[in-house]
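Visitor: I'm new to this structure and would like a close look at its pockets. Please walk me through what lines them, and then through the links and contacts in the rest of the chain.

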Amino acid sequence: LACLNEQGYSAEWRVVNAATYGAAQRRRRTFIFAYRNDTKYGIAHQELDAKAILSSEGLMAKAFPVSEVSDIKACDLAADIVDVSDNFAFDFRAAGYMSAGNIFTADVIEVEEAPILLGGILEKKNVDEKLFITDDERMAKWVYMKGAKKIPRTSANGHEYIFSEGPIAFPDPWDRPARTMLTSEGTLNRSTHVVCDPSKGKLRILTPIETERIQGFDDNWTNSGMPDRMRYFCMGNALVVPMITRMGKVMDCIIDNEE
């Protein structure tokens, strides 16, 4: 924010859970929209207060509507970026706006949309047999990885501690959006989705097409000849397309007004 301010920009941000706005995945990401203060958009927004921008008039509020904005917290940025880097601390919330070195932030109540459920994107036929978990030893590994753990460990300096983690749903339920997909999707990994196949009733990992649907891509978007492992990696590393589309549509209107 300090660097953007120094270059004559204002900025908005929002932490968006894609499932809140109708996507098939519970994926929280911070989106930042920055614009020069000397554009028509920037000049017009100098006339608005922070609450108007966070609640209705900003790009984020238009792309991801909210019904309420909490009490707004504010602070000023120091002029020296090194000072900001070394000393700045502030309780940033899920939504915010910065202009002329003034930071405003608040929590918001989002206007939720019904998400796409995991069961609604699963393929019903022609699923490759290699995706099914049929080996008992392999199944035991899945059960262990997905389960709760409390493991005694000793650090390099001799400190003893308990490593613990809670359970992950196994299999992943059909009646919720998918969990956040990672680049390790498709591997024998705690974070990989495991589902009950709709046709065969057996446990399996997701197909590449299902991972594309979770991220909002068209079917076979990554079917370019790359190995399946890389298709999973690309989808785990992607943004949720419908969230970008929402922001893009608002930006189209901004550009039209600029012209």
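Guide: We'll start with the whole chain, go into the pockets, and then follow charged pairs and a few single residues.

A word on the ground rules. What you see is a predicted model, where local features need pLDDT of at least 70 and side-chain atom pairs count only at pLDDT 80 or more, while totals for chains, interfaces and linings use all residues. Residues are numbered from 1 along each chain as its sequence is written, and side-chain values use heavy atoms, leaving out hydrogens and water.

Step back first. The protein chain has nine helices and eleven strands, taken as DSSP runs numbered from the N terminus (H or I over at least four residues for a helix, E over at least two for a strand). Its C-alpha trace spans about 65 × 55 × 35 Å along the principal axes. Of its 259 residues, 39% count as buried, meaning under 20% relative accessible area; exposed is over 50%, and partly exposed is in between (1.4 Å probe, protein chains only). Take the contacts between residues at least 6 apart in sequence, and 62% of them join residues at least 24 apart; a contact here means heavy atoms within 4.5 Å.

Now for the pockets. On a 1 Å grid over the protein atoms alone, a pocket is an open set of points where a 1.4 Å probe fits, with protein on both sides within 12 Å along at least five of seven lines, and its lining residues have an atom within 4 Å of a point. The largest pocket comes to about 210 Å³, a volume being the space filled by probe spheres set on points joined across faces, edges and corners. Thirteen is the number to remember for its wall: 13 residues line it, with K130, L131, R138, G186 and I205 nearest the centre. Helices α6 (136–146) and α8 (228–236) are the elements giving two or more residues to that lining. Sort the lining by class and you get seven nonpolar, three polar and three charged residues. For that sorting, Ala, Val, Leu, Ile, Met, Phe, Trp, Tyr, Cys and Pro are nonpolar, Asp, Glu, Lys and Arg are charged, and the others, Gly among them, are polar.

Move on to the second largest pocket, with a volume of about 150 Å³. Here α7 (208–215) and α8 are the elements giving two or more residues to the lining, and α8 gives the most, with three. Among the lining residues are E123, N126, D128, T207, P208, D228, R231 and Y232. K130 and L131 turn up in this lining as well as in that of the largest pocket. By class, this wall has five nonpolar, two polar and five charged residues.

Those charged residues lead to salt bridges. Side chains of opposite charge can pair when their charged atoms come close. The cut-off is a side-chain nitrogen of Lys or Arg within 4 Å of a carboxyl oxygen of Asp or Glu, and the structure holds 16 such bridges. One pair is R213 with D219, at 2.7 Å from N to O. R213 is partly exposed at 26%, and D219 is partly exposed at 39%. Back by the second pocket, shared partners link K130, E212, D228 and R231 into one network.

Elsewhere, R179 and D172 form a salt bridge, also 2.7 Å from N to O. R179 is buried at 15%, and D172 is buried at 4%. E165 and R190 meet at 3.5 Å. E165 sits in strand β9 (residues 160–165) and R190 in the loop between β9 and β10 (194–196), so this bridge ties together parts 25 residues apart in sequence. E165 itself is partly exposed, at 22%.

Finally, visit the start of the chain. L4 lies in helix α1 (residues 2–6) and is partly exposed at 26%. Beyond its neighbours within four places, L4 touches Y9, A11, A34 and M98. Next door, C3 is partly exposed at 49%. The closest cysteine sulfur to that of C3 is in C75, 15 Å away, too far for a bond. With a disulfide taken as two cysteine sulfur atoms within 2.5 Å, the count for this structure is zero.
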